[in-house]
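This note is written for a colleague who is meeting the structure for the first time. It is set out as numbered points, to be read beside the sequence and the model.

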Amino acid sequence: MASEFPADAIGIDDFSVYVPKLYIPTVGKFAISRGIEPAKLVKGIGIERMAIPDAHEDAATMAAMSVHELMQRNSLRPQDIGKIYIGTESGVDEAKAIGTYVIGMLEQIYGPGSFQECLTVELKSACIAASYALEDLCCWVAAGGDEGRVGIAVASDVARYPLRSGGEYTQGAGSVALLVKRDPRLIALEDMIGVYTRDENDFFRPPGCSMAVVNGKHSNDCYLDAVGGAFASFAKKAIRRGKLQLREGECVSDHVSHFLFHIPYPRMVEYASAALFRQEWRGLPRWKGVEDELGREPRAEDFSDPGEHQRAEADFSRRFSKSDAFRQAFSSKVGESARISRQVGNIYTGSIYLGLASLAEQNLLCPGQRVCFCSYGSGCSAMVFSGIVREEADCPPGRDIFKRLDQRWEISLQEYEDLHEGGRKESLIFPEREFARLYIDSQGYRHYGYVSQAP
Ligand code: HMG
């Protein structure tokens, strides 16, 4: 895999989003049954509704739904698509690539063998996988391997944690498909990537386990370290390569109009941007204004007891996140990106692209603006890259995502728990004009179909 996005105008031309039709509100019976204050879930975590896959849905059906919509939106024929790369950590097979199931489903519409010359690969790297797919496809296009064809980077996941666990209220499900091509209408990616990788136990899923092992608080810390490290590496590169010329008192984040973070839950985006702006502003003249308001930032060398330093640091970061300077930067560059995630929950590797969808659907992307992607995957690694919004960004038609989210069906706590535990075999909403998992045969092979009409 090449290590950088190419310099030509290559990037994201369009995208589509699929979210299951079922949801459970985090407030109401869910919060009561878990003994949690609703305000904690809505404000402290930031998730109001969690998308729940129906009995016939999985990562493969959701991926097929988002790719099919992308094809329809762009009148793409199978022969126009050279590669479908799918990032997922909810794979449906230990060996067979999820994309082969997806192609099998699509061929039920486009005809047998129609995707024969399309290459498909499944990428696993927790929540960062789809960003690696995007990078790889851009390099393929730049190298001329595309021969005029397009690539599709897909994110598809079911985020599932044990019932009554601390992760339960950060679940969700969905898929995003990104159309990758030369001369894209939406965002041309810039040729620099900041990366940070280290071996961590924040979140992992050993073979045979259906749900991840999570060290919740530690996972937040790993996320912040990795994104901070990758952004520092990105900033260094941007300056070294002369992509950005900083004037006196400026920092790299001043040249970014929108930050898109991985969104496991919307509040995490607030923690991440507070840490990033602190890292960026520290040492600049404006930091004096922050310290005048909040007092001196705690430094490790001022404390003999590391625990005391940690407490002082937590207190300072809480106050920083309420400061005028941060609130202003947050509301203009970050806050709106979490709108869809509040209604969907975590969709793992697609979450950062739900951020892109939130901005696009609210018409907040203006030509010439720089968008900075801060992608994170547990385990752990982060990748920071940027792109410039193109003149034609408003050409791809809207997707009615907010309307579609409003039209979903609320399920009861009992229905949610049955679906979660695999105790429900029949769909709550019978599929119609939809891909569905029909059955799994005695060998474990999954049979999928396109259901055009409910019986
Ligand atoms: P928790 O124990 O629910 O957190 O765990 P908390 O008790 O610290 O509460 C969270 C916030 O709610 C706090 O805000 C509370 O004060 C506030 P803060 O103090 O930080 O400002 N709160 C309230 N606010 C208003 N009214 C109230 C109230 N009560 C409390 N009444 C945790 C949260 C995220 C750790 C847990 O849900 C979890 O383990 N989730 C799963 C792991 C996760 O999402 N980690 C995120 C980083 S790792 C990542 O993003 C990768 C991942 O997507 C996987 C991948 O890469 O594949 C997970």
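1. The side chain of His262 places a polar atom 2.8 Å from an oxygen atom of the ligand. Please bear in mind from the outset that the model is a predicted one. The protein covers 76% of the 1100 Å² of accessible area that the ligand has on its own.

2. Two further side chains make polar approaches to the ligand. In Glu89, a polar side-chain atom lies 2.5 Å from an oxygen atom of the ligand. In Ser219, an N or O atom of the side chain is 2.8 Å from a nitrogen atom of the ligand.

3. Which residues come nearest to the ligand? Of the 31 residues around it, these are Lys40, Glu89, Gly166, Tyr169 and Tyr271. Glu89 therefore belongs to this nearest group, with the polar side-chain atom at 2.5 Å described above.

4. The character of the shell may be considered next. Its residues divide into 14 nonpolar, 11 polar and 6 charged. As to secondary structure, α2 (38-45), α6 (216-240), α7 (266-281) and β12 (370-377) each supply at least two residues of the shell. The largest share, 5 residues, comes from α6.

5. Arg370 deserves a separate look. Arg370 is placed in strand β12, one of the elements that supply at least two residues of the ligand shell. Is Arg370 buried or exposed? With a relative accessible area of 12%, Arg370 falls under the 20% limit and so counts as buried.

6. The surroundings of Arg370 can be described in some detail. The side chain of Arg370 reaches the backbone oxygen of His255 at 3.1 Å. When neighbours within four places in sequence are left aside, Arg370 is in contact with Glu190, Lys243, Leu244, His255, Val256, Ser257, His258, Ser386, Gly387 and Ile388. Glu190 lies within the range of strand β8 (residues 187-197), and Ser386, Gly387 and Ile388 lie within that of strand β13 (residues 381-389).

7. Strand β8 is mostly covered, with 8 of its 11 residues buried. Strands β8 and β13 run antiparallel and are joined by 8 bridges, and within this pairing Val195 stands opposite Met383 in β13. Strand β8 also pairs in the antiparallel sense with strand β1 (residues 10-18), over 2 bridges. Here the bridge partner of Gly11 is Ala188 in β8.

8. An open sheet of 3 strands should also be noted: the order is β3-β2-β14 and the pairing is mixed. Its edge strands are β3 (49-52) and β14 (409-410), each of which pairs on one side only. Strand β2 (residues 22-25) runs antiparallel to β3, and 4 bridges join the two. Pro25 stands opposite Arg49 in β3.

9. Why is helix α12 (residues 351-361) described as largely enclosed by the rest of the structure? The description holds because 11 of the 11 residues of α12 are buried. The buried residues include Ser351, Tyr353 and Glu361, along with Ile352, Leu354 and Leu356. Asn363 follows α12 and has a positive phi, near 55 degrees.

Conventions: Residues are numbered from 1 along each chain as its sequence is written. This is a predicted model: local features need pLDDT of at least 70, side-chain atom pairs count only at pLDDT 80 or more; totals for chains, interfaces and linings use all residues. Side-chain values use heavy atoms; hydrogens and water are left out. A residue is near a molecule or strand if one of its heavy atoms lies within 4 Å of it. A polar contact is a pair of N or O atoms within 3.5 Å; within protein, one must be able to donate a hydrogen and the other to accept it, and residues adjacent in sequence count only if both atoms are side-chain atoms. Accessible areas come from the Shrake-Rupley method with a 1.4 Å probe; for residues, only the protein chains shown count as cover. Ala, Val, Leu, Ile, Met, Phe, Trp, Tyr, Cys and Pro count as nonpolar, Asp, Glu, Lys and Arg as charged, and the others, Gly among them, as polar. Buried means under 20% relative accessible area, exposed over 50%, partly exposed in between (1.4 Å probe, protein chains only). Contact means heavy atoms within 4.5 Å. Two strands pair if DSSP finds at least two bridges between them.
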